[in-house]
Amino acid sequence: MISYQMETLNASTPYFRNVGLGLAEGNAAEVEGFRCSVDDIFTKVDKLEQRVNEVEKFYLTTSKKQPNTSKGSSIMKDKGKEKHVPSIKKQQQGASRREAVAAKRMQELIHQFGTIFRQITQHKWAWPFMHPVDVEGLGLHDYYEVIDRPMDFSTIKNQMEAKDGTGYKNVRDIYVDMRLVFKNAMNYNDEKSDVHVMAKTLLAKFEEKWLQLLPKVTEEEKRLEEGETEAQLNL
């Protein structure tokens, strides 16, 4: 509003166009007229500013007297949130379903791994690895200096069958622990010892059977990776 009034005043006031020429010619009358015109402009600007302040006060008072407007705005915002919440819930439910399906597929792989586990543990040479090493009974005082993480078949079996949520979540974790059983025995015992030879032989048999299951494990890992990528894109 102020800018419009100023443009109107500029268009109707010749002094803004001729002041340079008038001063150059030393026309005292035009200088005096210019001063009067400027004073008049400032007066009008002051009035316009006062009018603007009055208008602002009017709208401010009106907004205070009409709380329903802000309430209506809040309701609209709440409705917008309500529309957005189901969308987030839907995404969360979809993610939960995908996780449940993936967990079920992984449990199936663990179940198939159980067949391999039984075949290895039923071998005639599996008996030295069935239970934790009796370090004190065998007088293996340096065992824990050589072996950082002891492992045995009974510990693996218990974790595979755990029902309290502490069991294996990924079949590769069982694979790692199975290899650890043999590697520990091979690292601690001399190459020519019976335990070392037994562990090395069983490890070879285990790796051969693992290779038969590995394509399914790799496929599942790929599906999990693709699912995580899709979930990130949907955020």
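A search of the whole structure, which is a predicted model, finds five salt bridges. One of them joins E220 to R105, with the closest N and O atoms 2.7 Å apart. Because E220 lies in helix α9 and R105 in helix α4, this pair ties together parts that are 115 residues apart in sequence. The two partners sit in different degrees of shelter: E220 is buried, with a relative accessible area of 4%, whereas R105 is partly exposed, with a relative accessible area of 22%.

A further salt bridge brings together the side chains of D177 and R149, at 2.8 Å from N to O. D177 belongs to helix α8 and R149 to the loop between α6 (143-146) and α7, so here the parts tied together are 28 residues apart in sequence. D177 has 5% relative accessibility and therefore counts as buried, the cut-off being under 20%. R149, at 41% relative accessibility, counts as partly exposed. The side chains of K157 and E161 also meet in a salt bridge, with 3.0 Å between N and O. K157 is partly exposed, with a relative accessible area of 38%, and E161 counts as partly exposed too, at 45% relative accessibility. As a general point, side chains of opposite charge can pair when their charged atoms come close.

Attention now turns from charged pairs to nonpolar residues. In soluble globular proteins, nonpolar side chains tend to be buried together. The largest nonpolar core in this model has 30 residues, and those with the most contacts inside it are F113, F153 and F182. Four helices each supply at least two residues of this core: α4 (67-121), α7 (153-160), α8 (171-188) and α9 (194-233). The largest share, nine residues, comes from α8. Apart from this core lies another one, of five residues, among them V135, Y143, I147 and Y188.

F153 offers a helpful view of the surroundings within the larger set. Leaving aside neighbours within four places in sequence, F153 is in contact with F117, I120, T121, A126, F129, M130, M178, V181 and F182. One of these partners, I120, has its place in helix α4 and counts as buried, because its relative accessibility is 2%. Not counting residues up to four places away in sequence, I120 touches A126, F153, M178, F182, L202, K205, F206 and K209. The C-alpha atoms of I120 and L203 are separated by 9.0 Å, although the two residues are 83 residues apart along the chain.

Helix α8, the source of the largest share of the core, can be followed in a little further detail. Its buried residues are V171, I174, Y175, D177, M178, L180, V181, F182, N184, A185, M186 and Y188. The list thus includes D177, the salt-bridge partner of R149, as well as F182, one of the residues with the most contacts inside the largest core. At the N-terminal end of α8, N170 acts as a cap, with a side-chain oxygen 2.9 Å from the backbone nitrogen of R172. The length of the helix is as expected: at 1.5 Å a residue, the 18 residues of α8 should span 26 Å, which agrees with the 26 Å between its end C-alpha atoms.

Key: Residues numbered from 1 in each chain as written. Predicted model: local features only at pLDDT ≥ 70, side-chain atom pairs only at ≥ 80, totals over all residues. Heavy atoms only, no water. Core = buried A, V, L, I, M, F, W, Y, C linked by side-chain atoms within 4.5 Å. Buried < 20%, exposed > 50% of the residue type's maximum accessible area, 1.4 Å probe, protein only. Contact = heavy atoms within 4.5 Å. Expected span 1.5 Å × (residues − 1). Polar contact = N/O pair within 3.5 Å; in protein donor to acceptor, adjacent residues only side chain to side chain. Salt bridge = Lys/Arg side-chain N within 4 Å of Asp/Glu carboxyl O.
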